[in-house]
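Work through these exercises with the model open beside you. Try each task before you read its solution.

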Amino acid sequence: MRWLLLKDLQILKRSPLLVSVLIGYSVVVSLVAGAALSSGPGKPRVAFANLVPKEQSEVALGGRKVDATQYADKLFAKVDPIRVDSRAEAIAKVKSGEALAALVIPADVTQKLQGTLGLSGSGRPTVEVYYSAENPLKTQFVKDTISSTLAEANAAISAEVLKESAKYLNVIVAGGKVALPIVGSVDILGLRNARSIIEAAIAGLPKDAPERVALEQVSRFAGLAADNLDLSKPILASISKPVQVKQIVVSGSNSSLSAFAAEAAVVGSMMFVALLLAAGMLALEREENAFGRLVRGLISRTGLVVEKVSLAGLAAFVLTAVMLAILAALLGFDFGRAPLWLVVLAFGSAAFGAMGVAIGGLTREVRSASLAAFVVSLPVAALALIPSGAVSEGLYDVIKVVSGVFPFRPCLDALDAAISGGSLLTPLLHLVALTLAFGVIARLSLRRFA
């Protein structure tokens, strides 16, 4: 088998342009695909649970009642809401993949909002956002979408707060009428009017009257308070987040978007190199009429499959190991986990190599094998990158099954676990099973290969 491997390496050595194009094309396409991960779906599906009772939906703001639920329209401008009745149902929508995220409005939001406006110290109102971190692209997209929509709702609420607060300040400073929830309309004298009355009282007192000192102190206080309360309006304008967000991760990894893009680029390069090389090299044995001579005594059919898988796997492993080392240095990955990276690259390269040999055995011609490998690889990668919630639940279940038949998704999961920390056992066993399955398919295809 060793001499056969050397023969194949000599063939590659005689075609440096082919090797360069193979490597360059796979790297460029994979990096472009990885860069494309920075864009998400246009309008994500978000489960929405409003737990506020209808009778508690209004907030007393100044002298009028404001329906807090009207600000939900701000949240729905950029999302496709799936209305549910409970927190548990909203979380279930995320876990099933039907929704990208879940937005839950707790029952005490209006109560706390009223307390915030009344400065009662009951705490800022909080809305809950649940999402699955199975895909860093989806995670970042959900965070950005929810943050921007909540910012718009906060801006609308804070504008109302500022408008009413400014009215109260004007009344306190200049005087006027204000409507209070219990006592109704009340006349407020105002600090400036109070100062004028005090100044008039002081003017009517003798210069040596003992009451002048106390009244002058009150007058100065009223003047300072009136002047400085006017300055508080810009401060109120800076209070832009009356509602805060509590984010809860339902499941998934903690990989960043840049790390995920690097992982996808590495696995994509591995896929292209291993598939195209394995499929082409096996089909080449038949086109050069070497297959018959090889299996008549020089090597068994099983040995031939193993050799082609080894060749393609070795080439893909070396390329992606170098590629991952460069990306790891640029992105600051923990090199203490590098042995786990190499394990994943070895398992993934073998799985893609076995798949490529199976394609070469089924197509039997170099051109057909290369075309089939290329046509199969792109849809497989695209399907594996679709996050839950981006499509309907039934379609996503079909996508998961299809992705599970090919090595891209389990290899990406394994590499993500090796880099960010996670369980490697399940995706590695998945890759082993796929390697054996494609190896068996490749071996059976050689029965009609001559």
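**Exercise 1: Ring pairs**

The structure, a predicted model, holds two aromatic pairs.

Task: Classify the pair formed by Phe333 and Trp341.

Solution.
- Take the distance. The ring centres of Phe333 and Trp341 are 6.2 Å apart. Rings pair if their centres lie within 6.5 Å.
- Take the angle. The planes of Phe333 and Trp341 stand at 80 degrees. Planes over 60 degrees apart count as edge-to-face.
- Conclude. Phe333 and Trp341 form an edge-to-face pair.

Task: Classify the pair of Phe335 and Trp341.

Solution.
- The ring centres of Phe335 and Trp341 lie 5.4 Å apart.
- Their planes make 55 degrees, so the pair is tilted.
- Put the pairs together: they link Phe333, Phe335 and Trp341 into a cluster.

Task: Decide whether Phe333, Trp341 and Phe335 are buried, partly exposed or exposed.

Solution.
- Recall the cut-offs: buried means under 20% relative accessible area, and exposed means over 50%.
- Phe333 has 11% relative accessibility, so Phe333 counts as buried.
- Trp341 has 4%, so Trp341 is buried too.
- Phe335 has a relative accessible area of 44%, so Phe335 is partly exposed.

**Exercise 2: The nonpolar core**

Task: Describe the largest nonpolar core and name the helices that supply it.

Solution.
- Start with its size. The largest nonpolar core has 70 residues.
- Find its best-connected members. Leu324, Phe333, Trp341, Phe352 and Phe408 have the most contacts inside this core.
- List the helices. At least two residues each come from helix 10 (257–287), helix 11 (291–298), helix 12 (301–331), helix 13 (338–363), helix 14 (366–384), helix 16 (408–420) and helix 17 (425–445).
- Pick the main contributor. Helix 10 gives the most, with 20 residues.
- Zoom in on Phe352. Leaving out residues up to four places away in sequence, Phe352 touches Val267, Met270, Met271, Ala274, Leu275, Pro407, Phe408 and Cys411.

**Exercise 3: Helix 14**

Task: Compare the expected span of helix 14 with the distance between its ends.

Solution.
- Helix 14 has 19 residues. The expected span is 1.5 Å times one less than the number of residues.
- Helix 14 should therefore span 27 Å.
- Its end C-alpha atoms are 27 Å apart, which agrees.

Task: Why do the buried residues of helix 14 line one face?

Solution.
- Name them. Ala369, Ala373, Ser377, Val380, Ala381 and Ala384 are the buried residues of helix 14.
- Look down the axis. The buried residues of helix 14 fall within an arc of 95 degrees, so they line one face.
- Recall the geometry. An α-helix has 3.6 residues a turn, so residues three or four places apart point the same way.
- Check the face turned away from the buried side. That face of helix 14 carries the exposed residues Arg367 and Leu371.
- Add one more residue. Ala382 also sits in helix 14. Ala382 has a relative accessible area of 44%, so Ala382 is partly exposed.

**Exercise 4: Helix 11**

Task: Which residues of helix 11 are buried, and which are exposed on the other side?

Solution.
- Phe291, Leu294 and Val295 are the buried residues of helix 11.
- They cover an arc of only 85 degrees around the axis, so they sit on the same side of helix 11.
- On the other side of helix 11, Arg296, Gly297 and Leu298 are exposed.

Conventions
Residues are numbered from 1 along each chain as its sequence is written. This is a predicted model: local features need pLDDT of at least 70, side-chain atom pairs count only at pLDDT 80 or more; totals for chains, interfaces and linings use all residues. Side-chain values use heavy atoms; hydrogens and water are left out. Rings of Phe, Tyr and Trp (its six-membered ring) pair if their centres lie within 6.5 Å; planes under 30 degrees apart count as stacked, over 60 as edge-to-face and the rest as tilted. Buried means under 20% relative accessible area, exposed over 50%, partly exposed in between (1.4 Å probe, protein chains only). A nonpolar core is a set of buried Ala, Val, Leu, Ile, Met, Phe, Trp, Tyr and Cys residues joined through side-chain atoms within 4.5 Å. Helices (H or I, at least four residues) and strands (E, at least two) are DSSP runs, numbered from the N terminus. Contact means heavy atoms within 4.5 Å. The arc is that of the directions from the helix axis to the C-beta atoms.
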